[in-house]
Amino acid sequence: MSAIRNLFDKMRPSFEEGGKLHAFRSVFDGFETFALVPNDTSKSGVNIHDAIDSKRIMSMVVIALMPAMLFGMYNIGYQNYLAAGTLASVGFFEIFCYGFLAVLPKILVSYIVGLGIEFAWAQWKGEEIQEGYLVSGIIIPLIVPIGCPLWMLALACAFSVIFCKEIFGGTGMNIFNPAVAARMFLFFAYPSKMTGDQVWVAQDSIFGLGNNLPDGFTAATPLGQMAQGIDPSSSICDMICGFIPGSIGETSLIAIAIGAVILLWAGIASWRTMLSVFVGGAVLALLFQHTGQSMIWWHHFILGGFAFGAVFMATDPVTSCRTATGQYIYGFLIGAMAVIIRVMNAGYPEGMMLAIFFGNMCAPMIDHFIVERNISKRLKRGGTK
């Protein structure tokens, strides 16, 4: 660690005022902050919201996302070989490598575009580079189908960073989750690619791995089959474990549950929000089931992006409610709306991301009324009119 510190200390004069690389000071500060504890400390006017800084929050969320991402890579290869009928003849390493090579370009494009814009924006404005996109850069590739073209993903990343983050003031100031905004951009701009009922699962071989299958080979997701009134071809065990077609990081309930445990253990995610999302979804799903809707209520939790959205996106501390009571209302609203969209909109089986987007929009209003109510109660207790 001391060697890294010495390296940055040696390079710093070139990036300070008057140095030959002063124009890139924001970039230098960004790398130094990422690698080490910030060199500068505040002398006055400090407001401490939590004992953990944003870099450690983002790092823990990235760690929590690893199980879903790694399983998603394996599942891509699994679905490819399953579709080709050659699953029994390949091993774990070949299956995982195929999915890894298919997902890696999307992660690289997401980070290159998103971080590139953030670095350029910080340099232009003379501001510090924030760590917020470290999480969004992984989430965005995980919530899109594996067949999403790279150019389309790049447009979505650019839209989310510029219009849903930077124009609001950067990390901590945005009212919409950037990853949700990217998904919404893709859905409304290219609806045929993001309907949620079918996903691409196979293509020609990648670096000698895979099978020569027709371009654009697709498979219906279990959620899409149920939306059409068709019994899903996948077993309940496969749905829970994640061996089904779907967006990269959203298929495995077990991997998502591991991530949820990490976030709750670290104190980053709100258990109130997470729990109330499932409660809201369960209440509405039971109501629809009793009115004759064929989908069993708990199927909503193990299919599509419901669990992933509840754990990793609805609990975003920036765009969700801050008050304890507000978190219950906010989560319930998201879970209920996700089920309403799924059941009542036959053309859009998935509804979680749209529900979170709407929840982000309502979160400040919910907190406002909760705070005003608390102020009113305290004034009444104190006898003040």
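1. Two helices and a nonpolar patch. Helix H11 (271-290) and helix H14 (324-344) each give at least two residues to a nonpolar surface patch. Helices here are DSSP runs of H or I with at least four residues, strands are E runs of at least two, and both are numbered from the N terminus. H11 supplies the largest share, 5 residues. The patch covers about 780 Å². Its members are Leu264, Trp271, Leu275, Val279, Val283, Leu287, Tyr328, Ile329 and Phe332. Patch residues have over 30% relative accessible area and no salt bridge; nonpolar side chains (Val, Leu, Ile, Met, Phe, Trp, Tyr) are joined within 5 Å, like charges within 9 Å. Areas come from the Shrake-Rupley method with a 1.4 Å probe, and for residues only the protein chains shown count as cover.

2. Basis of the model. This is a predicted model, where local features need pLDDT of at least 70 and side-chain atom pairs need pLDDT 80 or more, while totals for chains, interfaces and linings use all residues. Residues are numbered from 1 along each chain as its sequence is written, and side-chain values use heavy atoms, without hydrogens or water.

3. Overall picture. The protein has 15 helices and 2 strands. Of its 385 residues, 48% count as buried. Buried means under 20% relative accessible area, exposed means over 50%, and partly exposed lies in between (1.4 Å probe, protein chains only). The protein exposes about 18,500 Å², and carbon and sulfur atoms supply 65% of that. Take contacts between residues at least 6 apart in sequence: 70% of them join residues at least 24 apart. A contact means heavy atoms within 4.5 Å.

4. Two residues of H14. Ile329 is found in helix H14. Ile329 counts as partly exposed because its relative accessibility is 41%. Gly331 is in helix H14 too. Gly331 counts as buried, at 0% relative accessibility. Leaving out residues up to four places away in sequence, Gly331 touches Thr273, Ser276 and Val277. Gly331 and Ala363 are 32 residues apart in sequence, and their C-alpha atoms are 9.8 Å apart.

5. Salt bridges. Side chains of opposite charge can pair when their charged atoms come close. The rule used here asks for a side-chain nitrogen of Lys or Arg within 4 Å of a carboxyl oxygen of Asp or Glu. The count comes to 2 salt bridges. One joins Glu118 and Lys165, at 2.4 Å from N to O. Glu118 lies in helix H4 (residues 92-125), and Lys165 lies in the loop between helix H6 (150-163) and helix H7 (178-189), 47 residues apart. Glu118 is buried at 4%, and Lys165 is buried at 3%.

6. The other pair. Arg183 forms a salt bridge with Glu250, with the closest N and O atoms 3.9 Å apart. Arg183 is in helix H7 and Glu250 is in the loop between helix H9 (236-241) and helix H10 (253-266), so the pair ties together parts 67 residues apart in sequence. Arg183 is buried at 4%; Glu250 is buried at 7%.

7. A buried charge without a partner. Asp367 sits in helix H15 (residues 352-381). Which side chain of opposite charge is nearest to Asp367? That is Arg322, 6.2 Å away, and Asp367 is buried yet has no salt bridge. Lys and Arg count as positive, Asp and Glu as negative; His and the chain ends are not counted. The side chains of Asp367 and Thr323 do share a polar contact of 2.7 Å. A polar contact is a pair of N or O atoms within 3.5 Å; within protein, one must be able to donate a hydrogen and the other to accept it, and residues adjacent in sequence count only if both atoms are side-chain atoms.
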